[in-house]
Amino acid sequence: MVQDRREFLKSAAWMSAVAMAAGCANNPLKLFGTTGAPMQGFALKPMKKVRVAVIGVGRRGVSALRRISMIPGTEVSAIADLFQDRIDGELKWLKESGKPTPKFAKAGPEEYKRICESDAVDVVYNVTPWHMHEPIAVCAMEHGKVALNEVPGTQTVDGCWNLVETSERTKMPCMMLENCCYGEEELLMLNMAKLGLFGEITHGEAAYIHDQRDLQFKSDRYHTMDGERDAAKAGKPGWTLHFYAKQGGNQYPTHGLGPVAKYMDINRGDSFDFLVSIESKQASYRHYAQELFDDWRRDFGVKIGDMSQTLIRTKLGRSILLQLDACTPRPYSRINLVSGTRGMAMGYPEFRVALEDKTGDGKAHKFMDEAATAELRKKYAHPIWKAAGEVAKKVGGHGGMDFIMDLRWSYCLQNGIPLDTDVYDLAAWSSMVELTRRSVESGSKPVECPDFTRGAWKGGKGFTIDEIDLSKLPGDFGGVKHDDNSDANARQEGFI
Ligand SMILES: NC(=O)c1ccc[n+]([C@@H]2O[C@H](COP(=O)([O-])OP(=O)(O)OC[C@H]3O[C@@H](n4cnc5c(N)ncnc54)[C@H](O)[C@@H]3O)[C@@H](O)[C@H]2O)c1
């Protein structure tokens, strides 16, 4: 299906931003809609040049802007942020790097609306705090722009439906920027899964385990919910801590879940069915604040438990363990495990594989040794990493996965190819924020997962192993340089 997005501009009407509906655990969930999934496999006509508006140039947005501007055929044509000096910093960087000056660069909480209305933009790349993902994406699609949202795509199930329905009505793609789906190991494992090396997949494990105590309580980076910069100095929680203080459940589910959902073809052959969630008490943030501070932070209550654990069952009977721990002093992990009738692989603490050659030969009782694992990595490397891994590693930032992700969506738009994941994937993965909270608040009762594809998952042909032909991009990567900013932000290589 190829559609001219400008045709839809004429009929598109601006809808008011949708209010966040936190704390709605008692409202009934909308589980089904009435039609299938028309945005599955949907592609726009090829774009000669992809003109991108970056909304939010904070910790993550600065790296995104710099990566995007290094991709041939892709240009940053607009910037918005709450703070003018952050925008000025990026204008300076673009100028010094010999890149075109964006047509629009203005500070203010509503400037994204002007950008969405502008003719100088094709894609709205949304790197703002969580509660702004949905209103900005809706505004973008209503004005005929592709909406790319940082994670999670939105925080509520109603919000997920809103994005699904807006994407379908406006015929504008809406994709979540789940960079972990593009990790070298995640794509290797997807390739292996597709080739049947794990046999019939029955189980996956996914997590976001990242000690953020310093980041949440000490960092001068986060602004408050009312837009005061440097939350710690303002004597208030930053925007992330605000959400952690307000509600439990898994508020950051997609880094681990996205790749596992792809191994299992969720929405394209299988579907999340129901989940149960259990959360430990909160202790680590409390101990940390009480031991280190004498100010407002000392008695600041955080609701999110130290460990949130969810078990998801899929319609085809697979199981997934999903964890979030953002505060315990322990090493970083996304687990990233997949297992089936022929073997398994896992990403943490290091990439390991155990496979049978023949059913029951006992080989999978032990992990492969280092040499055999290295051989396997080479043999089953994903074609996109084979084509662009070198340049991605040069740019840096989470080992290159961020660049691979950005390169891929721009490549798809330039070549009229459907984006790798769609609004249904965004919705299924992001809905975990509310679904896990509902289960926790009901004493860990099972909660049904909405089917955002409205039955279309049954006919799905599965995720595909795609290629990138760099000769189809207008230009080379001559200007690519290492983005120190990306690595500085990832406080340790591999941290997301
Ligand atoms: N995928 C990843 O690896 C990854 C890593 C870090 C953060 N993130 C995501 O990126 C997003 C931003 O996180 P961050 O750490 O950069 O936060 P941040 O607070 O450093 O940056 C957010 C920026 O958005 C701006 N902003 C806020 N409201 C705005 C509005 N109405 N209009 C324009 N700009 C606005 C702020 O001024 C700020 O500069 C979050 O959704 C987060 O979950 C993803």
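Visitor: Which residue stands opposite Leu148 in E7?

Guide: Tyr125 stands opposite Leu148. Keep in mind that this is a predicted model. Tyr125 leads us to a strand pair: E6 (residues 123-126) and E7 run parallel, over 4 bridges.

Visitor: How do I read the two sides of a strand?

Guide: In a regular strand the side chains alternate between the two faces of the sheet. Now take strand E7, residues 146-149. Val146 and Leu148 lie on one side. Ala147 and Asn149 lie on the other.

Visitor: Are these four residues of E7 buried or exposed?

Guide: They are all buried, and both faces of E7 are covered.

Visitor: Which strand does E7 join by 3 bridges?

Guide: That is E8, residues 174-176, and the two run parallel. Asn149 has Met176 in E8 as its bridge partner.

Visitor: Which helices belong to the β-α-β units with E7?

Guide: H5 sits in the unit of E6, H5 and E7, which is right-handed. Helix H6 (residues 157-170) sits in the unit of E7, H6 and E8, also right-handed.

Visitor: What is the strand order in the open sheet of 8 strands?

Guide: The order is E15-E14-E13-E9-E12-E11-E10-E16, with mixed pairing. Its edge strands are E15 (352-355) and E16 (447-448), each pairing on one side only. Strand E14 (residues 343-346) meets E15 in the antiparallel sense over 4 bridges. There, Met344 has Ala354 in E15 as its bridge partner.

Visitor: How should I look at a helix?

Guide: An α-helix has 3.6 residues a turn, so residues three or four places apart point the same way. Try H15, residues 401-414. Its 14 residues reach 20 Å from first C-alpha to last, close to the 20 Å expected.

Visitor: Why is H15 called largely enclosed by the rest of the structure?

Guide: Because 14 of the 14 residues of H15 are buried. Just after H15, Gly416 has a positive phi of about 65°.

Visitor: How many residues surround the ligand?

Guide: There are 26, and the closest are Gly56, Gly58, Arg59, Arg60 and Leu82. Helix H2 (59-68), strand E4 (74-81) and helix H5 (130-142) each give two or more residues to this shell. H2 has the largest share, 3 residues. By type, the shell divides into 14 nonpolar, 6 polar and 6 charged.

Visitor: Where does Ser219 lie?

Guide: Ser219 is in the loop between helix H8 (213-217) and helix H9 (231-234). Count its neighbours: 16 other C-beta atoms lie within 10 Å, so Ser219 is partly exposed. Leaving aside residues up to four places away in sequence, Ser219 touches Asp214 and Ala232.

Note on methods:
Residues numbered from 1 in each chain as written. Predicted model: local features only at pLDDT ≥ 70, side-chain atom pairs only at ≥ 80, totals over all residues. Pairing = 2+ DSSP bridges. Expected span 1.5 Å × (residues − 1). Buried ≥ 20, exposed ≤ 12 C-beta atoms within 10 Å, placed from the backbone. Near = placed C-beta within 6 Å. Nonpolar A, V, L, I, M, F, W, Y, C, P; charged D, E, K, R; others polar. Contact = placed C-beta atoms within 7 Å. Right-handed = clockwise from strand over helix to strand, strands pointing away.
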